[in-house]
Amino acid sequence: MALQAITLSVDPAFAGDTGQSALSDAGCAFCGAPAGHWAGPGYLPCGGSVRTVAAACPLCALPQHLERPRIDEEAALAWLPEISQAALNATMREIHIAIQAVGEDVHADAVFRKRSAGLGTLYYARAVLAQRSAPAVARVGTASPRELGLALLELSSVAYARRAQLLGGLRLMPLGRFFQGEHDVYPEVVRFWRDSAATAATRLSGAL
Ligand SMILES: [Zn+2]
């Protein structure tokens, strides 16, 4: 499956509720991970009226929906020109899976409750990535995805179409939350990814 690039986008018309209920086996069109049903189709990769029906996982939906009401709790801007948004999402997913696997909360504000083997490395990796918010503030004046979304809305359609070039190495750092209404469903999302990985490993060992 050829993966599509992720461009920071805002979609004020997006209702957020895809109406899907069943878990989907579809791979995310942007990172290839199991998409689940949380973000669903209806992301806005191109802006304007262009919308596709391919699946997006929650981490890949976030940067394309800066209009989400609680986006500032879900993510922060970071300057990471050396890594694509999809690669950042894949990295953060692995960090979140590993953190949850040892019984800790995945969101960035959580304090680890116990000393587990490998947690120090995970904490360090997450902290190093989080430090890249400061260069984002230096370049665009904010680490708030919401403020960036509002700024994108002010652009002309010509400038908006060029936002990938204008924003350069600006990325959206997922903070380990994904809200549906008032409810943070991200722990459920990570559990789904863990189960999917375990199922894939079982299939692979059975095939060998
Ligand atoms: Zn994805």
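**Exercise 1.** Is Ala-134 buried or exposed?

*Solution.* The model is predicted. Start with the position of the residue: Ala-134 belongs to helix H5, which spans residues 133-140. Next, count its surroundings: 12 other C-beta atoms lie within 10 Å of Ala-134. The cut-off for an exposed residue is 12 or fewer. Ala-134 is therefore exposed. As a further step, take its separation from Leu-77: the two C-alpha atoms are 8.9 Å apart, while 57 residues separate them in sequence.

**Exercise 2.** Describe how H3 and H4 pack, and state which residues make the contact.

*Solution.* First the geometry: the axes of H3 and helix H4 (residues 119-130) are 10 Å apart, at an angle of about 145°. The crossing of H3 with H4 is left-handed. Then the residues: H3 contributes Ile-95, Ala-98 and Ile-99, and H4 contributes Leu-122, Ala-125 and Arg-126. Finally, sort them by type: five are nonpolar, none is polar and one is charged.

**Exercise 3.** Which members of the largest nonpolar core touch the most other members, and which elements supply at least two residues each?

*Solution.* The core has 47 residues, and those touching the most other members are Cys-28, Cys-31, Ala-56, Cys-57 and Cys-60. At least two core residues come from each of these elements: helices H1 (58-61), H3 (85-101), H6 (145-154) and H9 (186-207), and strands E1 (75-79) and E2 (170-174). To finish, take Cys-57 and set aside its neighbours within four places in sequence: its contacts are then Cys-28, Cys-31, Ala-33, Ala-35, Gly-36 and Ala-39.

Notes: Residues are numbered from 1 along each chain as its sequence is written. This is a predicted model: local features need pLDDT of at least 70, side-chain atom pairs count only at pLDDT 80 or more; totals for chains, interfaces and linings use all residues. A nonpolar core is a set of buried Ala, Val, Leu, Ile, Met, Phe, Trp, Tyr and Cys residues joined through C-beta atoms within 7 Å. A residue is buried if 20 or more other C-beta atoms lie within 10 Å of its own, exposed if 12 or fewer, and partly exposed in between; C-beta atoms are placed from the backbone. Helices (H or I, at least four residues) and strands (E, at least two) are DSSP runs, numbered from the N terminus. Two residues are in contact if their C-beta atoms, placed from the backbone, lie within 7 Å. Axes are lines fitted to C-alpha atoms, for helices over the stretch in contact, and angles run from 0 to 180 degrees between N-to-C directions. A crossing is left-handed if the near helix is turned anticlockwise from the far one by less than a right angle, and right-handed if clockwise. Ala, Val, Leu, Ile, Met, Phe, Trp, Tyr, Cys and Pro count as nonpolar, Asp, Glu, Lys and Arg as charged, and the others, Gly among them, as polar.
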